[in-house]
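Student: I would like a close look at a single part of this model. Please take the largest pocket and then describe what lies around it.

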Amino acid sequence: MASKNSLIPTAEDLVLMAKSQGRKLGILIAAANMPNDIKEAIFVLLPYFSLEQLDRLTTILEVQYLDQETDKQIRDKFSQ
């Protein structure tokens with residue numbers, strides 16, 4: 001981990017952040033409301049994405065996921 005006196009992440013920090021972001025992106029793709037063939041195509045293309053593209057895709061899928069969950073909660077609340 002980065003020392004308390006340094007804001008520069010270590011190589012270990014970067015690996016941990018990358019793994020965490022990769023898991024998050026994988027979960028978001030799996031939870032996305034889209035056909036499985038599209039999800040599979042995204043997984044095939046991911047190694048070719050730049051870091052900026054990966055970040056943008058994560059943001060888009062996160063917003064979509066939160067919208068889905070909010071819609072579900074609203075429907076559940078009004079169906080009672």
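The reply below treats the pocket, then the salt bridges, and then several residues on helix H2, on helix H3 and in the loop between them.

Tutor: The model is a predicted one, and the values that follow are computed from it. The largest pocket has a volume of about 280 Å³. Its lining consists of Leu 14, Met 17, Ala 18, Gln 21, Gly 22, Leu 25, Leu 51, Leu 54, Asp 55 and Thr 58. Two helices, H1 (11-31) and H3 (51-78), each contribute at least two residues to that lining. The greatest contribution is that of H1, which supplies 6 residues. By chemical class, the lining of the largest pocket comprises 6 nonpolar residues, 3 polar residues and 1 charged residue.

The two helices that line the pocket are also linked by a charged pair. Side chains of opposite charge can pair when their charged atoms come close. Lys 24 and Glu 62 form a salt bridge through their side chains, with an N to O distance of 3.2 Å. Because Lys 24 belongs to helix H1 and Glu 62 to helix H3, this pair ties together parts that are 38 residues apart in sequence. Lys 24 has a relative accessible area of 30% and is therefore partly exposed. Glu 62 is likewise classed as partly exposed, at 30% relative accessibility.

In the whole structure, 2 salt bridges are found. Besides the pair just described, the side chains of Lys 72 and Asp 76 meet in a salt bridge, at 3.6 Å from N to O. Here both partners lie in helix H3, 4 residues apart, which is about one turn of the helix. Lys 72 is partly exposed, its relative accessible area being 41%. Asp 76, at 38% relative accessibility, also counts as partly exposed.

Another residue of helix H3 is Thr 59. With 33% relative accessibility, Thr 59 falls in the partly exposed class. Between the C-alpha atoms of Thr 59 and Met 34 there is a separation of 16 Å, the two residues being 25 positions apart along the chain.

Attention may now turn to helix H2 (36-45). Lys 39 is placed in this helix, and so is Glu 40. What are the accessibility classes of these two residues? Lys 39 has a relative accessible area of 12%; the cut-off for a buried residue is under 20%, so Lys 39 is buried. Glu 40, by contrast, has a relative accessible area of 53%, and the cut-off for an exposed residue is over 50%, so Glu 40 is exposed. As to their positions in space, Lys 39 is 9.7 Å from Gly 26, C-alpha to C-alpha, with their places 13 residues apart in sequence counted as separation. For Glu 40 and Ala 30, which are 10 residues apart along the chain, the C-alpha atoms are separated by 9.5 Å.

Finally, the surface carries a nonpolar patch of about 370 Å², made by Val 44, Leu 45 and Tyr 48. Tyr 48 is located in the loop between helix H2 and H3. Its relative accessibility is 68%, so Tyr 48 counts as exposed.

Technical notes
Residues numbered from 1 in each chain as written. Predicted model: local features only at pLDDT ≥ 70, side-chain atom pairs only at ≥ 80, totals over all residues. Heavy atoms only, no water. 1 Å grid on protein atoms, 1.4 Å probe; cavity = no way out; pocket = protein on both sides within 12 Å on 5 of 7 lines; lining within 4 Å. Points joined across faces, edges and corners; volume = space filled by probe spheres on them. Nonpolar A, V, L, I, M, F, W, Y, C, P; charged D, E, K, R; others polar. Patch = residues over 30% accessible without salt bridge, like charges linked within 9 Å, V, L, I, M, F, W, Y side chains within 5 Å. Areas by Shrake-Rupley, 256 points an atom, 1.4 Å probe, with all protein chains shown as cover. Salt bridge = Lys/Arg side-chain N within 4 Å of Asp/Glu carboxyl O. Buried < 20%, exposed > 50% of the residue type's maximum accessible area, 1.4 Å probe, protein only.
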